[in-house]
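Trainee: Please take me through one part of this model closely, and explain each term as it arises.

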Amino acid sequence: MSVDSGTSMAARLGIKPGMVVQELGWDEDADEDLRDSIVELSGGEMVDEESDEVADVVLLWWREDDGDLFDALTDAITSLAEDGVVWLLVPKSGRPGHVSPGDVTEVAPTAGLSQTSSISAAKDWSGIRLVTPKAARSRR
């Protein structure tokens, strides 16, 4: 993979230099090229759930068998900046651990989040962009 394609992966997630990116739900199946591109573009290592930093972006890797999506999303917004974004990364259709888009549509509003878009985030992962209603209003 070239540096340019990696950087563009992170740029598609809205990552900018200086942003604090919190990563939750990492496992060995996470896309390392996407992770590397985020670190490269943001200019710093991603922080984990133990960090007390306010995150501009939360990257949440999620698979069908990972537990309760509502709990994961409410945990994800705990340290999110007021205008921050949660990227819910789920395995693409046909991949092990695939999460039905309907599950996300059903759970996100209950967790206080609104879905704004979906992208192909990496080879095996789809990205679903979630924001708090306050963040959605402030970006209009």
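**A loop residue, its strand and beyond**

Mentor: T132 is placed in the loop between β5 and α5 (133–138); helices (H or I, at least four residues) and strands (E, at least two) are DSSP runs, numbered from the N terminus. The model is predicted, so local features need pLDDT of at least 70 and side-chain atom pairs count only at pLDDT 80 or more, while totals for chains, interfaces and linings use all residues. Residues are numbered from 1 along each chain as its sequence is written, and side-chain values use heavy atoms, leaving out hydrogens and water.

T132 has a relative accessibility of 18% and therefore counts as buried, a term for values under 20% relative accessible area, with exposed over 50% and partly exposed in between (1.4 Å probe, protein chains only). Leaving aside residues up to four places away in sequence, T132 touches E82, G112 and L113; contact means heavy atoms within 4.5 Å.

We turn now to the strand before this loop. β5 pairs with strand β4 (residues 114–122) in the antiparallel sense over 7 bridges, where pairing requires that DSSP finds at least two bridges between two strands. Within this pairing, S117 has R129 of β5 as its bridge partner. The two strands β4 and β5 make a hairpin, with 2 residues between them.

The structure also holds 1 aromatic pair. W61 and W125 form this pair, which is edge-to-face, with 4.7 Å centre to centre and 80° between the planes. By definition, rings of Phe, Tyr and Trp (its six-membered ring) pair if their centres lie within 6.5 Å; planes under 30 degrees apart count as stacked, over 60 as edge-to-face and the rest as tilted. Because W61 lies in strand β2 (residues 55–61) and W125 in strand β5 (residues 125–131), the pair ties together parts that are 64 residues apart in sequence. Both W61 and W125 are buried.

Finally, β2 leads us to the largest pocket. β2 supplies at least two residues of its lining, as do β1 (21–24) and α3 (69–76). A pocket is found on a 1 Å grid over the protein atoms alone: it is an open set of points where a 1.4 Å probe fits, with protein on both sides within 12 Å along at least five of seven lines, and lining residues have an atom within 4 Å of a point. The lining of the largest pocket comprises 14 residues, and L24, E49, L60, A72 and D75 lie nearest its centre.
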